[in-house]
Each structure stands twice: as C-alpha cells, then as structure tokens.
Amino acid sequence: MVQPKKRERRLTPQQRIAIERMWRLFELTQKEWEKNPKRSRRCIELIQGFSTRFRIAIPRPIKDAFCKQCGNLWTEGTNVKRRIKGKTLNSNCLICGKLTRRKVGR
C-alpha cells in the first residue's frame with residue numbers, strides 16, 4: 001500500500017526570509033560557540049522566536065543541533081551524549097540533563 005505524499009504548504013515571502021535568517025543565525029551560532037556561548041544561546045533563542053512568530057517549523061538539521069531546554073549548541077563528546085537504542089536516537093544534554101528522543105530509519 002502506497003502512502004499518500006504530504007502536501008507541501010506554500011510559504012509566504014516573509015516565511016522564506018525567516019528561514020534564510022534562521023540558517024544565517026545557525027551559522028553564526030556555530031562560529032561563536034567556542035568564543036562566546038552566551039551570544040550563541042541568544043542566536044538560538046532568536047531562531048525559536050522566528051519559528052513561533054512566522055508559524056514555521058525549524059529545519060531538522062538546526063533543530064537536532066541544540067538543546068530545547070537550555071539552548072546550548074550540541075557538540076559531540078563535549079555536551080551531548082547520543083545513543084541509538086532500537087529505532088530511536090536518544091540525545092542526552094550533559095549540561096541540563098534533558099533527554100530528547102527521535103525515531104531513526106523506517
């Protein structure tokens with residue numbers, strides 16, 4: 001049985017601009033994390049604000065790169081522990097202790 005494709009929602013010009021800004025802020029976050037973690041946390045807060053203000057989802061690569069509770073950028077081995085358990089990817093933030101689960105594979 002073939003599942004129907006999800007119907008893509010058309011984005012308004014403001015929403016497209018918001019997504020571009022999210023990507024720019026994410027690049028800035030990655031650059032600033034080592035030098036100024038406070039500034040990078042602020043950038044992540046702005047990304048979340050764009051998401052709620054323009055009613056758009058945060059792109060998956062950005063969403064999986066930071067902790068939703070404390071706002072820290074995750075870097076492997078320093079502040080996140082990732083484990084695959086069955087078909088679930090468990091990401092455990094080592095700063096605040098939040099556990100995030102996500103399905104992996106089909």
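Trainee: Is threonine 29 buried or exposed?

Mentor: A good way to read burial is to look at relative accessible area, where a value under 20% counts as buried. In this predicted model, threonine 29 has a relative accessible area of 0%, so it is buried.

Trainee: Where is the place of threonine 29?

Mentor: Threonine 29 sits in helix 1.

Trainee: And what does threonine 29 touch, leaving aside residues up to four places away in sequence?

Mentor: Here you look for residues whose heavy atoms come within 4.5 Å. With those sequence neighbours left out, threonine 29 touches Ser40, Cys43, Ile44 and Leu73. There is also something to see inside the helix: a polar atom of the threonine 29 side chain lies 2.7 Å from the backbone oxygen of leucine 25.

Trainee: Let's step back to the helix as a whole. How many residues does helix 1 have, and what distance does it reach?

Mentor: To judge a helix, you can compare its end-to-end reach with the span expected at 1.5 Å a residue. Helix 1 runs over residues 13–32, which is 20 residues. From first C-alpha to last, helix 1 reaches 29 Å, close to the expected 28 Å.

Trainee: Which residues of helix 1 are buried?

Mentor: The buried ones are Gln15, Ala18, Met22, Leu25, Phe26, Thr29 and Glu32. They lie on the same side of helix 1, because they cover an arc of only 130° around the axis.

Trainee: Which residues are exposed on the other side of helix 1?

Mentor: Arg24 and Lys31 are exposed there.

Trainee: What covers the buried residues of helix 1?

Mentor: The cover includes helix 2 (37–53) and helix 3 (60–63).

Trainee: Glutamate 32 was in the buried list. What does glutamate 32 touch beyond residues up to four places away in sequence?

Mentor: Glutamate 32 is found in helix 1, and its relative accessible area of 12% makes it buried. Apart from those sequence neighbours, glutamate 32 touches Pro37 and Arg39.

Trainee: Which residue forms a salt bridge with glutamate 32?

Mentor: To spot a salt bridge, look for a side-chain nitrogen of Lys or Arg within 4 Å of a carboxyl oxygen of Asp or Glu. Here arginine 39 pairs with glutamate 32, and their closest N and O atoms are 3.3 Å apart. The two ends differ in burial class: arginine 39 is partly exposed at 43%, whereas glutamate 32 counts as buried at 12%.

Trainee: How many salt bridges does a search of the whole structure find?

Mentor: The search finds 5. One of them joins glutamate 45 and arginine 42, with the closest N and O atoms 3.4 Å apart. These partners are 3 residues apart in helix 2, so about one helical turn separates them. Both partners count as partly exposed, glutamate 45 at 45% relative accessibility and arginine 42 at 46%.

Trainee: Which residue forms a salt bridge with aspartate 64?

Mentor: That is arginine 60, with 3.5 Å between the closest N and O atoms. Salt bridges can also be followed from partner to partner: shared partners join Arg60, Asp64 and Arg102 into one network. Aspartate 64 is partly exposed at 22% relative accessibility, and arginine 60 is partly exposed as well, with a relative accessible area of 44%.

Trainee: How many disulfides does the structure hold?

Mentor: The structure holds 0. To check this, you compare distances between cysteine sulfur atoms, with 2.5 Å as the limit. For cysteine 43, the closest cysteine sulfur is in cysteine 70, 15 Å away, so it is too far for a bond. Cysteine 43 counts as buried, at 4% relative accessibility.

Trainee: What is the nearest cysteine sulfur to cysteine 96?

Mentor: It belongs to cysteine 67 and is 3.5 Å away, and cysteine 96 is in no disulfide. Cysteine 96 is partly exposed, with a relative accessible area of 30%.

Trainee: One last topic, the backbone. Which residue has a positive phi although it is not a glycine?

Mentor: Look at arginine 55, whose phi is about 50°. Arginine 55 is placed in the loop between helix 2 and helix 3. With a relative accessible area of 67%, arginine 55 is exposed.

Note on methods:
Residues are numbered from 1 along each chain as its sequence is written. This is a predicted model: local features need pLDDT of at least 70, side-chain atom pairs count only at pLDDT 80 or more; totals for chains, interfaces and linings use all residues. Side-chain values use heavy atoms; hydrogens and water are left out. Helices (H or I, at least four residues) and strands (E, at least two) are DSSP runs, numbered from the N terminus. The expected span of a helix is 1.5 Å times one less than its number of residues. Buried means under 20% relative accessible area, exposed over 50%, partly exposed in between (1.4 Å probe, protein chains only). The arc is that of the directions from the helix axis to the C-beta atoms. A polar contact is a pair of N or O atoms within 3.5 Å; within protein, one must be able to donate a hydrogen and the other to accept it, and residues adjacent in sequence count only if both atoms are side-chain atoms.
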